[in-house]
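This report goes through one protein chain, from single residues to overall dimensions. Please look at the sequence and the coordinates before reading on.

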Amino acid sequence: MITILEAKRAGMFGRGKIISNVVAGVIVGIVALPLAMAFAIASGARPEQGLYTAIIGGFMVTVLGGSRVQIAGPTGAFIAILIGITTKYGFEGLQIATLMAGLMLVAMGLAKMGGVIKFIPSPVIVGFTAGIAVIIFVGQWKDFFGLPKVTGDHFHEKLLHLVEVLPQFHQTTLALAILSLLLVLFSSKIRGMHRVPGPLTAMVVATVLQSAFHFDGVATIGSAFGGIPQGLPSFKLPSFSMTQIIQLLGPAFTIAMLGAIESLLSAVVADGMTGEKHDSNQELIGQGLANIAAPLFGGFAATGAIARTATNIRNGATSPLAGIMHTLTLLAILLFLAPFAAEIPLAALAAILFVVAYNMSEMKHFAHIVIRAPRADVVILVITFLLTVFADLVIAVNVGVILAMFQFLRRMSDTVEVQKLDVHALKLELKEEGLSELPTGVLVFEIDGPFFFGAVENFERALLQTGTDPKILIVRLRRVPFMDITGLQTIEEVFKKLQKRGIRVMMSEANHRVRAKLWKANVLTMLQKNDYSDSFSNVLKLACTAAAESESAAKVQ
């Protein structure tokens with residue numbers, strides 16, 4: 001409702017806007033029709049369940065999400081995850097996992113985590129997206145070529161079995177699939193067809209041919225699923241147990257994370273095309289509520305669809321009215337045209353998914369990163385991609401994010417400098433005190449950068465290897481934005497070692513947060529009275545006085 005109210009205040013429901021939004025919604029609804037069925041079948045569900053997901057999920061995201069023009073429904077990105085869940089836990093298990101994921105997304109939105117999701121590094125996103133594309137592509141070989149069913153628990157096993165049975169392809173199925181693929185790619189370039197979506201053209205032509213000639217051996221929605229029921233889905237609460245909930249926590253979290261990433265990426269793309277700004281936290285809440293509602297009416301996981309959202313905007317969408325029309329279009333098709341779906345060849349849907357997989361792979365972007373990016377980012381990209389394909393998406397994303405985090409910490413630690421300040425660097429400070437150089441036995445070090453666990457090694461090495469032991473060592477903290485517990489513990493340990501060597505340690509210029517942490521960790525209590533000050537000048541005066549007293553005492557002795 002928030003997006004609807006905002007759109008109304010912005011004048012997006014004016015007379016001049018209504019027609020363009022209605023047209024955009026109808027067009028994107030037609031585009032979503034073959035995709036919703038194809039994604040459902042590829043995810044191990046029935047085709048009508050994809051339509052239910054697009055209708056229920058799409059409506060909820062439109063009304064309750066954080067973007068005015070977002071179109072949601074089943075997407076290709078989910079296929080690799082959902083087919084695994086469906087295979088292992090059944091479709092009801094998938095629905096339970098989707099509902100749990102919805103609750104997680106709502107919690108993430110309420111916790112204001114919309115901005116955090118955006119920090120997942122590009123190599124991780126591109127890597128797992130390209131991996132999903134490969135899984136989708138290979139997963140459609142059976143229907144595209146008309147192959148017998150193959151078995152295998154892992155991707156490489158299925159791939160080997162598919163290659164083995166490839167010579168057994170069904171000629172008519174392959175011919176329909178190739179024709180459908182060509183229509184998806186090129187039908188919009190035919191004069192007068194530029195406004196007709198390629199996937200819709202391919203599906204209609206292949207269906208008409210199959211209806212007219214009834215080709216033997218060509219798998220259709222009717223032969224595989226018995227057609228699509230005509231009518232609205234009914235409310236049904238999935239039955240579940242505590243054991244199922246525990247088993248599905250991992251899959252549900254994966255659905256939630258991927259759904260969050262995909263929907264927010266889609267919203268960002270929409271912002272770039274419209275010049276508007278979405279509410280990322282509200283978007284997560286809307287996506288969560290959509291995933292709670294969809295499985296209660298026969299659907300499964302839904303998220304923002306980048307391609308359908310872009311189509312929506314290109315055709316004139318400026319308000320949630322377009323998303324509502326998208327839902328009503330699919331609902332009308334389900335109510336009045338469902339009986340005709342029985343003749344839709346699965347080969348045509350496989351051809352549509354071939355194109356979806358290619359577009360998802362972002363081959364040019366993938367190649368660009370491999371060629372131009374730093375070596376560490378390329379390694380993260382390739383590892384995430386390979387783990388997605390050959391292991392598991394959950395493992396791939398976790399490993400990719402952890403590797404990216406380690407790489408970030410390494411880079412951050414390299415930026416932290418612990419340097420010894422010479423007379424030139426302290427020229428102004430010394431001039432203010434009427435000095436031309438530091439007193440004998442006084443050294444000044446400065447920490448420049450966040451002092452966290454990744455940077456402690458530089459600190460230890462610099463301060464413990466001072467050459468000839470000074471009498472006084474001043475540590476300046478003016479350029480330290482924060483410290484973590486490892487940094488505090490390291491300072492304490494280093495200071496103890498320096499004090500055992502008879503070196504007096506002084507500190508200065510910590511910001512209020514760092515100073516509070518130093519007091520709380522009892523680091524400043526280790527120093528002599530007044531050996532810490534917010535002013536370097538005060539510490540320098542004290543150091544000069546102490547050095548002079550020490551020198552006088554040495555002369556007396």
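Is glutamate 362 partly exposed or buried, and what is its relative accessible area? In this predicted model, glutamate 362 has a relative accessible area of 36%, so it counts as partly exposed. It is found in the loop between helix H17 (346-361) and helix H18 (363-372). Its phi is positive, about 45°, although the residue is not a glycine.

Lysine 112 is another non-glycine residue with a positive phi, here about 60°. It sits in the loop between helix H4 (79-110) and helix H5 (114-117). Its relative accessibility is 61%; because exposed means over 50%, lysine 112 counts as exposed. The two residues are set out below.

| Residue | Phi | Relative accessible area |
|---|---|---|
| Lysine 112 | about 60° | 61% |
| Glutamate 362 | about 45° | 36% |

**A buried glutamate**

Glutamate 262 belongs to helix H13, which covers residues 249-274. This side chain is buried yet has no salt bridge. The nearest side chain of opposite charge is that of arginine 308, at 8.0 Å, whereas a salt bridge requires the nitrogen and the carboxyl oxygen to be within 4 Å. Leaving aside residues up to four places away in sequence, glutamate 262 touches Ala77, Thr303, Gly304 and Ile306.

**Helix H16**

What span should the 17 residues of helix H16 have at 1.5 Å a residue? The expected value for H16 (residues 320-336) is 24 Å, and the end C-alpha atoms lie 25 Å apart, which agrees. The expected figure is 24 Å because the rise is multiplied by one less than the number of residues. The buried residues of H16 include Pro320, Leu321, Ala322 and Gly323 at its start, and Ile333 and Leu334 further along. Also among them are Met325, His326, Thr327, Thr329 and Leu330.

**The whole chain**

The protein contains 25 helices and seven strands. Its radius of gyration is 32 Å, well over the 24 Å that the globule rule gives for 557 residues, so the protein is more spread out than a compact globule. Along the principal axes, the C-alpha atoms fill a box of roughly 115 × 60 × 50 Å.

Of the 557 residues, 52% count as buried. The accessible surface comes to about 25,800 Å², and carbon and sulfur atoms account for 63% of it. Among contacts between residues at least 6 apart in sequence, 82% join residues at least 24 apart.

Terms used. Residues numbered from 1 in each chain as written. Predicted model: local features only at pLDDT ≥ 70, side-chain atom pairs only at ≥ 80, totals over all residues. Heavy atoms only, no water. Helix = DSSP H or I, 4+ residues; strand = E, 2+ residues; numbered from the N terminus. Buried < 20%, exposed > 50% of the residue type's maximum accessible area, 1.4 Å probe, protein only. Lys, Arg positive; Asp, Glu negative; His and termini not counted. Contact = heavy atoms within 4.5 Å. Rg over C-alpha atoms; globule rule 2.2 N^0.38 Å. Areas by Shrake-Rupley, 256 points an atom, 1.4 Å probe, with all protein chains shown as cover.
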